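Please open the structure in a viewer and keep the selection tool at hand. The tour below proceeds stop by stop, stating at each one what to select and what is found there.

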Amino acid sequence: MPEKNFYITTPIYYPSGKPHMGHAYSSIIADVFARFKKIDGYKAYFLTGTDEHGLKIQREAKKNNKDPKKFCDELSITFKNLTKTLNLSNNDFIRTTEKRHYDSVKEIWERLEKSGDIYLGKYSGWYSVSDEAYYDEEEIIDENGSKKSKTSGSKVEWVEEESYFFKLSAWSNKLLKFYQENPKFILPVSRRNEVVNFVKKGLKDLSVSRTSFSWGIPVPSNKKHIIYVWLDALTNYISALKFPDTENKLYRDFWPADLHIIGKDILRFHAIYWPAFLLAAKIKPPKRVYGHGWILSDEKKMSKSLGNILDPLEIIKDYGVDQLRYYLIKEVSLGNDGSISLENLKNCINNDLANNFGNLCQRVFSFIDKNCDSKIPSPDKFNTRDKELSDEIIKKISDLKYMIDNQELNSYIKEVINFSFNSNKYFNDLEPWKLKKTNKVRMNTVLYCILNQIKSISILLYPIIPSSIEKIFDTLNLKKEELNIEQIKNLNLIVPGKIIKKSNILFKKIDNDN
RNA sequence: GGCGGGGUAGCUCAGUUGGUUAGAGCACAGGACUCAUAAGCCUGGGGUCGGUGGUUCGAAUCCACUCCCCGCUACCA
């Protein structure tokens, strides 16, 4: 029987600033998929990390009078801490300053050089020293004989720099063929169309080395050059699998990657450069790249000047990590930009988590505590209504898996929280508080059924709000190993007679004046 | 400018190949209940489906024109 393996990654983050909501969002999305696969019987490998080379870092390090590597150690730590704060289930954390990554990049470079996909040429253009940027012919203006940038107004000069190039131009047609043969390589579809149109217009060769700074991986055959950005950064996805050792178990099990989660801003690099590099190096490209949208604050990009920054660490401190995770997954449409606000966050927490699912757990646990001696009641036969309730979830399992496999997270979470709505209704309709006076056997059955629902909903919510769900499992005396999609079908998992452990309120309601 | 996506209840959005009184959640109003985090359940109000014209027995759904909004249009990640 073939193993069910799943490899998912986040972008590696450039640590020139502190972690923001965009980083948190990418990571949370990836974690939800990783955790789902892990409880669905897959051997899942989840990678995140930091991209630490480049001029910006080199300069910052110098400014702080620090060795670049030492400087990166400090920066990288804040991102590593973020994985803990967000409760990510990542299996590894890669840094582009590690030896394993150097080895991997070196190998890729040599393969590309050998295959003739890399050549030495000249990179030229209008360069502004103060902006540290090259400008296009259309982006500059001639003012009294001196050329200036239209946007910044700073002086530009014609600069020619020796540079290695990757023959990207030769890959246009092969890429188009690849997109056609793998229609879901780029998602969402709207992004795919953008990329395809872009490639159809023809690709230019890509500069892949620089001589203007030194903080990076040197070109093996020419130490004057540093391997530039994407060839360095993207390779992390295979460095972590011990490439170039393609015979080791990690690489054999997990490459090609199943899913790269990225922001739409770096889609092109992942959807064009990355498969081109890999194809040229005779390595299989990943199976899918998903470009999610941006998180906006009150319809606008977050910025210091607008004063609308929502800091993930602050929000987690004030509201809780599961609360933030749930909110971002539920309220932001994956693939589209989404506006978030504290107001919406509070509503979401109160409605879905506190009033709906949290209160469902609370009313049931508390009822059992008071009326069943705190012990899980023993059920009699399930009647039609009981079966309808549990069947509703069981019948949806394959649909839910399909949604996850197609990154339809919003549909997924809506279906799942809907089970909680229906469970509340069941509890209301069957009125166990009346049954306790008239029919205790039936009351016990109803309570057991509702516990089953809580268990099943919990399993499905686990990828999104893992730590809260672990608490529920603990309350129900269920083991971590039983946190598995398969157990939804098992209506006898919960053991009657065991004590329901005392639990605190799972999701506190947020006051308006808070 | 070019290519693409979208304009549906106060807000966020679903609406399959055109077919009976256009849906959900939130918000709002009323009702019955009381196990629970004053939570949950039931009922209700509210939309000329961006505009105009057309195809059709019949269009939010197809066609034309028009007005808005958004994305992409290469080497900062």
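Two strands are taken to pair if DSSP finds at least two bridges between them. The model on display is a predicted one.

**First stop: the sheet**

Select residues 118–128, which form strand β4, together with residues 157–166, which form strand β8. These strands run antiparallel, and 10 bridges join them. Within this pair, Lys-122 stands opposite Glu-162 in β8. Next, widen the selection to the open sheet of 4 strands, whose order is β5-β4-β8-β10 and whose pairing is antiparallel. At the edges are β5 (133–135) and β10, each of which pairs on one side only. Strands of a sheet pair through backbone hydrogen bonds, either parallel or antiparallel.

**Second stop: RNA strand B**

Select RNA strand B and the 39 residues around it. Which of these residues come nearest? They are Val-229, Arg-268, Asn-359, Arg-363 and Lys-370. Of the atoms of RNA strand B that come within 4 Å of the protein, 65% belong to sugar and phosphate. By class, the surface near the strand comprises 15 nonpolar, 11 polar and 13 charged residues.

Three contacts may be inspected in turn:

- Lys-370 has a polar side-chain atom 2.5 Å from a phosphate oxygen of RNA strand B.
- Asn-197 has a side-chain N or O atom 3.1 Å from a sugar or linking oxygen of the RNA strand.
- Gly-202 has a polar backbone atom 3.1 Å from a base nitrogen of the RNA strand.

Two or more residues of this surface come from each of α6 (189–200), β10 (206–207), α13 and α15 (409–430). The greatest contribution is that of α13, with 10 residues.

**Third stop: helix α15**

Select α15, a helix of 22 residues. From its first C-alpha to its last it reaches 32 Å, close to the 32 Å expected at 1.5 Å a residue. Then select Glu-431, just after α15, where phi is positive at about 45°.

**Fourth stop: the second largest pocket**

Select Lys-471, Ser-503, Asn-504, Ile-505 and Leu-506, which are the closest to the centre of the second largest pocket among its 15 lining residues. The volume of this pocket is about 240 Å³. How many nonpolar, polar and charged residues does its lining have? There are 5 nonpolar, 5 polar and 5 charged residues. To finish, select α13 (342–371) and α18 (466–475), each of which supplies at least two residues of the lining.

Key
Residues numbered from 1 in each chain as written. Chains lettered and ligands numbered in written order. Predicted model: local features only at pLDDT ≥ 70, side-chain atom pairs only at ≥ 80, totals over all residues. Heavy atoms only, no water. 1 Å grid on protein atoms, 1.4 Å probe; cavity = no way out; pocket = protein on both sides within 12 Å on 5 of 7 lines; lining within 4 Å. Points joined across faces, edges and corners; volume = space filled by probe spheres on them. Nonpolar A, V, L, I, M, F, W, Y, C, P; charged D, E, K, R; others polar. Near = heavy atom within 4 Å. Polar contact = N/O pair within 3.5 Å; in protein donor to acceptor, adjacent residues only side chain to side chain. Expected span 1.5 Å × (residues − 1).
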